[in-house]
Amino acid sequence: MAARVLDLTLHLLDRQVVDQDGGLVCNVDDVDFLVPDDGSPPYVVELLTGPAALGPRLGGLLGRWWVSAYQLLGQRHDREPDRIPYQLVTDVGSAVTVARTRAELGIHPGEDRAREYLVDRLPGAGHESG
Amino acid sequence: MRAADLLGADVLGPDGRRLGEVLDIRLVQDGPKLGGSRALSIQGLVVGTRRTASHLGYDRAGVRGPALVAAVARRLSAGNRFLPWVEVAELTAGTVRSAVSELIPVPDLPDQP
(Lines give C-alpha, C1' and ligand atoms only; values in the text may rest on other atoms or scores of the structure.)
Protein backbone atom coordinates (compact mmCIF):
# COMPACT_ATOMS: atom_id res chain seq x y z
CA MET A 1 0.00 0.00 0.00
CA ALA A 2 1.39 3.39 -1.00
CA ALA A 3 2.44 5.71 1.82
CA ARG A 4 0.02 8.50 2.61
CA VAL A 5 0.80 11.88 1.04
CA LEU A 6 -0.56 15.17 2.30
CA ASP A 7 0.22 18.88 2.26
CA LEU A 8 0.99 20.63 5.51
CA THR A 9 -1.11 23.80 5.12
CA LEU A 10 -4.02 21.98 3.45
CA HIS A 11 -4.31 19.02 5.79
CA LEU A 12 -2.53 19.74 9.06
CA LEU A 13 -2.01 23.40 9.92
CA ASP A 14 -4.93 25.14 11.63
CA ARG A 15 -6.76 21.82 12.09
CA GLN A 16 -8.44 21.15 15.40
CA VAL A 17 -6.77 18.59 17.62
CA VAL A 18 -9.20 16.35 19.48
CA ASP A 19 -8.78 13.48 21.93
CA GLN A 20 -10.15 10.02 21.30
CA ASP A 21 -13.53 10.97 22.79
CA GLY A 22 -13.78 13.95 20.46
CA GLY A 23 -12.91 16.45 23.18
CA LEU A 24 -11.21 19.62 22.00
CA VAL A 25 -7.50 19.80 22.73
CA CYS A 26 -6.13 22.72 20.71
CA ASN A 27 -5.37 23.83 17.15
CA VAL A 28 -2.32 22.90 15.14
CA ASP A 29 -0.54 26.26 14.94
CA ASP A 30 2.80 24.96 13.66
CA VAL A 31 4.86 21.76 13.55
CA ASP A 32 8.43 20.98 14.50
CA PHE A 33 10.65 18.95 12.18
CA LEU A 34 13.65 16.90 13.19
CA VAL A 35 16.45 17.32 10.65
CA PRO A 36 18.47 14.05 10.60
CA ASP A 37 22.25 14.27 10.55
CA ASP A 38 22.47 11.65 7.79
CA GLY A 39 20.88 13.96 5.19
CA SER A 40 17.57 12.08 5.00
CA PRO A 41 14.47 14.28 4.79
CA PRO A 42 13.25 16.13 7.89
CA TYR A 43 10.18 14.65 9.53
CA VAL A 44 7.45 15.96 11.83
CA VAL A 45 8.15 15.18 15.48
CA GLU A 46 5.84 17.59 17.31
CA LEU A 47 2.65 19.55 16.82
CA LEU A 48 2.93 23.06 18.24
CA THR A 49 0.09 25.14 19.61
CA GLY A 50 -0.49 28.42 21.34
CA PRO A 51 0.44 32.03 20.68
CA ALA A 52 4.17 31.29 20.71
CA ALA A 53 3.54 28.83 17.86
CA LEU A 54 1.19 31.01 15.84
CA GLY A 55 3.15 34.26 16.24
CA PRO A 56 6.10 33.19 14.06
CA ARG A 57 3.66 32.07 11.34
CA LEU A 58 2.05 35.51 11.30
CA GLY A 59 5.51 36.98 11.25
CA GLY A 60 6.83 40.48 11.68
CA LEU A 61 5.33 43.08 13.94
CA LEU A 62 1.89 41.43 13.95
CA GLY A 63 3.38 38.15 15.10
CA ARG A 64 5.28 39.76 17.96
CA TRP A 65 2.19 41.70 19.04
CA TRP A 66 0.16 38.48 18.97
CA VAL A 67 2.52 36.74 21.35
CA SER A 68 2.66 39.75 23.68
CA ALA A 69 -1.14 40.19 23.73
CA TYR A 70 -1.66 36.60 24.79
CA GLN A 71 0.96 36.93 27.48
CA LEU A 72 -0.99 39.87 28.91
CA LEU A 73 -4.32 38.02 28.72
CA GLY A 74 -3.11 34.61 29.85
CA GLN A 75 -0.93 33.26 32.57
CA ARG A 76 2.05 32.50 30.41
CA HIS A 77 5.37 33.98 31.36
CA ASP A 78 7.42 32.14 28.80
CA ARG A 79 7.60 32.31 25.02
CA GLU A 80 7.54 28.58 24.32
CA PRO A 81 4.64 26.90 22.54
CA ASP A 82 2.79 23.89 23.90
CA ARG A 83 4.05 20.72 22.23
CA ILE A 84 2.38 17.42 21.36
CA PRO A 85 4.76 14.60 20.42
CA TYR A 86 3.75 13.28 17.02
CA GLN A 87 3.77 9.66 18.26
CA LEU A 88 0.57 10.53 20.17
CA VAL A 89 -1.28 11.28 16.90
CA THR A 90 -3.64 8.44 16.03
CA ASP A 91 -5.44 9.92 13.02
CA VAL A 92 -5.19 12.85 10.61
CA GLY A 93 -8.56 13.55 9.04
CA SER A 94 -10.89 16.51 9.23
CA ALA A 95 -9.44 16.84 12.73
CA VAL A 96 -6.22 15.52 14.20
CA THR A 97 -6.84 12.88 16.87
CA VAL A 98 -4.38 12.32 19.69
CA ALA A 99 -4.22 9.69 22.37
CA ARG A 100 -4.32 12.11 25.33
CA THR A 101 -6.75 14.68 26.70
CA ARG A 102 -5.91 18.35 26.92
CA ALA A 103 -5.41 18.03 30.67
CA GLU A 104 -3.05 15.08 30.25
CA LEU A 105 -1.04 17.03 27.69
CA GLY A 106 -0.88 20.09 29.94
CA ILE A 107 -2.02 22.34 27.13
CA HIS A 108 -2.09 25.86 28.50
CA PRO A 109 -5.51 27.41 29.15
CA GLY A 110 -4.32 30.89 28.17
CA GLU A 111 -6.50 30.85 25.08
CA ASP A 112 -9.56 30.45 27.29
CA ARG A 113 -8.85 33.81 28.85
CA ALA A 114 -8.61 35.43 25.45
CA ARG A 115 -11.91 33.80 24.55
CA GLU A 116 -13.45 35.11 27.78
CA TYR A 117 -12.28 38.68 27.28
CA LEU A 118 -12.62 38.97 23.53
CA VAL A 119 -14.69 36.33 21.76
CA ASP A 120 -17.43 35.79 24.35
CA ARG A 121 -18.17 39.52 24.41
CA LEU A 122 -19.01 39.62 20.73
CA PRO A 123 -22.74 40.08 20.03
CA GLY A 124 -24.37 36.72 19.53
CA ALA A 125 -21.51 34.75 21.04
CA GLY A 126 -23.83 33.11 23.51
CA HIS A 127 -26.05 31.30 21.03
CA GLU A 128 -25.72 29.40 17.81
CA SER A 129 -26.61 31.16 14.59
CA GLY A 130 -29.99 30.22 13.10
CA MET B 1 13.12 23.43 12.38
CA ARG B 2 9.57 24.75 12.38
CA ALA B 3 7.26 24.87 9.38
CA ALA B 4 7.14 28.64 9.95
CA ASP B 5 10.86 28.70 9.06
CA LEU B 6 10.07 27.24 5.62
CA LEU B 7 6.66 28.65 4.71
CA GLY B 8 7.09 31.94 2.88
CA ALA B 9 10.84 31.43 2.49
CA ASP B 10 12.35 32.65 -0.78
CA VAL B 11 13.37 29.88 -3.18
CA LEU B 12 16.45 30.66 -5.24
CA GLY B 13 17.93 28.72 -8.14
CA PRO B 14 21.60 27.70 -8.36
CA ASP B 15 22.33 30.99 -10.11
CA GLY B 16 20.59 33.02 -7.41
CA ARG B 17 17.51 33.72 -9.55
CA ARG B 18 14.34 33.87 -7.45
CA LEU B 19 12.02 30.99 -8.34
CA GLY B 20 9.22 31.93 -5.93
CA GLU B 21 8.36 31.36 -2.31
CA VAL B 22 7.45 28.27 -0.34
CA LEU B 23 3.66 27.99 -0.35
CA ASP B 24 3.33 24.56 1.17
CA ILE B 25 5.27 21.53 2.34
CA ARG B 26 4.42 18.15 0.85
CA LEU B 27 4.70 15.32 3.36
CA VAL B 28 4.82 11.56 2.84
CA GLN B 29 4.27 9.06 5.61
CA ASP B 30 7.45 7.08 5.06
CA GLY B 31 9.72 8.40 7.80
CA PRO B 32 11.02 6.62 10.88
CA LYS B 33 8.58 4.74 13.10
CA LEU B 34 6.95 7.10 15.63
CA GLY B 35 4.49 5.45 17.96
CA GLY B 36 2.23 3.19 15.94
CA SER B 37 2.92 4.64 12.50
CA ARG B 38 5.62 6.09 10.32
CA ALA B 39 6.57 9.76 10.56
CA LEU B 40 5.55 12.39 8.03
CA SER B 41 8.73 13.30 6.18
CA ILE B 42 9.22 16.13 3.71
CA GLN B 43 8.83 14.99 0.12
CA GLY B 44 9.17 18.46 -1.36
CA LEU B 45 8.05 22.06 -1.42
CA VAL B 46 5.22 23.72 -3.35
CA VAL B 47 6.76 26.88 -4.76
CA GLY B 48 4.93 29.79 -6.29
CA THR B 49 4.37 33.48 -6.39
CA ARG B 50 0.70 33.80 -5.51
CA ARG B 51 -0.22 32.64 -2.04
CA THR B 52 -3.93 33.46 -2.08
CA ALA B 53 -5.43 30.65 -4.12
CA SER B 54 -3.04 27.91 -3.11
CA HIS B 55 -4.47 27.57 0.37
CA LEU B 56 -7.81 26.51 -1.08
CA GLY B 57 -6.34 23.40 -2.65
CA TYR B 58 -7.94 23.84 -6.07
CA ASP B 59 -4.53 23.53 -7.69
CA ARG B 60 -3.53 20.24 -6.11
CA ALA B 61 -6.22 18.28 -4.43
CA GLY B 62 -9.11 18.00 -6.88
CA VAL B 63 -11.23 20.22 -4.67
CA ARG B 64 -14.69 20.63 -6.11
CA GLY B 65 -16.35 23.97 -5.66
CA PRO B 66 -18.16 26.72 -7.51
CA ALA B 67 -16.91 26.62 -11.07
CA LEU B 68 -16.01 30.31 -11.17
CA VAL B 69 -14.04 30.10 -7.92
CA ALA B 70 -12.22 27.01 -9.13
CA ALA B 71 -11.37 28.63 -12.46
CA VAL B 72 -9.98 31.76 -10.83
CA ALA B 73 -8.04 29.76 -8.23
CA ARG B 74 -6.49 27.52 -10.88
CA ARG B 75 -5.54 30.54 -12.98
CA LEU B 76 -3.84 32.20 -10.02
CA SER B 77 -1.91 29.04 -9.09
CA ALA B 78 -1.00 28.05 -12.67
CA GLY B 79 2.58 29.11 -12.09
CA ASN B 80 3.12 26.94 -9.00
CA ARG B 81 5.91 24.42 -9.19
CA PHE B 82 7.35 21.64 -7.04
CA LEU B 83 10.84 21.34 -5.61
CA PRO B 84 11.60 17.76 -4.52
CA TRP B 85 13.46 17.72 -1.23
CA VAL B 86 16.36 15.84 -2.80
CA GLU B 87 16.96 18.95 -4.92
CA VAL B 88 17.22 21.31 -1.96
CA ALA B 89 20.88 22.30 -1.87
CA GLU B 90 20.90 24.62 1.09
CA LEU B 91 18.65 26.07 3.79
CA THR B 92 19.47 29.37 5.42
CA ALA B 93 17.30 31.75 7.40
CA GLY B 94 14.42 32.71 5.12
CA THR B 95 15.94 31.18 1.99
CA VAL B 96 15.85 27.80 0.23
CA ARG B 97 18.51 27.23 -2.42
CA SER B 98 17.49 24.80 -5.15
CA ALA B 99 20.06 22.63 -6.92
CA VAL B 100 18.00 22.86 -10.11
CA SER B 101 16.90 25.96 -12.01
CA GLU B 102 13.74 24.44 -13.49
CA LEU B 103 11.11 23.10 -11.13
CA ILE B 104 8.58 20.43 -12.04
CA PRO B 105 4.78 20.79 -12.08
CA VAL B 106 3.11 20.16 -8.73
CA PRO B 107 2.05 16.51 -8.57
CA ASP B 108 -1.62 16.01 -7.79
CA LEU B 109 -2.36 14.80 -4.30
CA PRO B 110 -3.86 11.35 -3.97
CA ASP B 111 -7.43 11.25 -2.63
CA GLN B 112 -7.41 11.64 1.13
CA PRO B 113 -8.97 8.95 3.32
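Reader: What share of the 113 residues of chain B count as buried, and what makes a residue buried?

Author: In chain B, 36% of the 113 residues count as buried, which means that 20 or more other C-beta atoms, placed from the backbone, lie within 10 Å of the residue's own (12 or fewer is exposed, in between is partly exposed). This is a predicted model, where local features need pLDDT of at least 70 and side-chain atom pairs count only at pLDDT 80 or more, while totals for chains, interfaces and linings use all residues. Residues are numbered from 1 along each chain as its sequence is written, and chains are lettered from A and ligands numbered from 1 in the order in which they are written.

Reader: How many helices and strands does chain B have, and what makes a stretch one of these?

Author: Chain B has three helices and nine strands, because helices are DSSP runs of H or I with at least four residues and strands are DSSP runs of E with at least two, numbered from the N terminus.

Reader: How do you know which strands pair with β8(B)?

Author: Two strands pair if DSSP finds at least two bridges between them. Strand β1 (residues 10-12) of chain B has three bridges to β8(B), in the parallel sense, so the two count as paired. One partnership there is B:Asp10 with B:Thr95. On the antiparallel side, β7 (residues 88-92) of chain B has four bridges to β8(B), with B:Val88 opposite B:Ser98. Two residues lie between the strands of the β7(B) and β8(B) hairpin, where B:Gly94 takes a positive phi near 80°.

Reader: Which residues of β8(B) make up its covered face, and which the uncovered one?

Author: B:Val96 and B:Ser98 form the covered face, whereas B:Thr95 and B:Arg97 form the uncovered one. In a regular strand, side chains alternate between the two faces of the sheet.

Reader: How many residues does each chain bring to the contact?

Author: Chain B brings 29 residues and chain A brings 25; residues are in contact if their C-beta atoms, placed from the backbone, lie within 7 Å. On the side of chain B that touches chain A, β2(B) gives the most, with five residues. Three bridges also join β2(B) to strand β1 (residues 5-7) of chain A, running antiparallel, and A:Val5 has B:Val28 as its bridge partner.

Reader: What makes the largest nonpolar core a core, and which residues have the most contacts inside it?

Author: A nonpolar core is a set of buried Ala, Val, Leu, Ile, Met, Phe, Trp, Tyr and Cys residues joined through C-beta atoms within 7 Å. The largest has 48 residues, and A:Val17, A:Val31 and B:Val47 have the most contacts inside it. Here too β2(B) gives the most, with six residues.

How values were computed: Contact = placed C-beta atoms within 7 Å.
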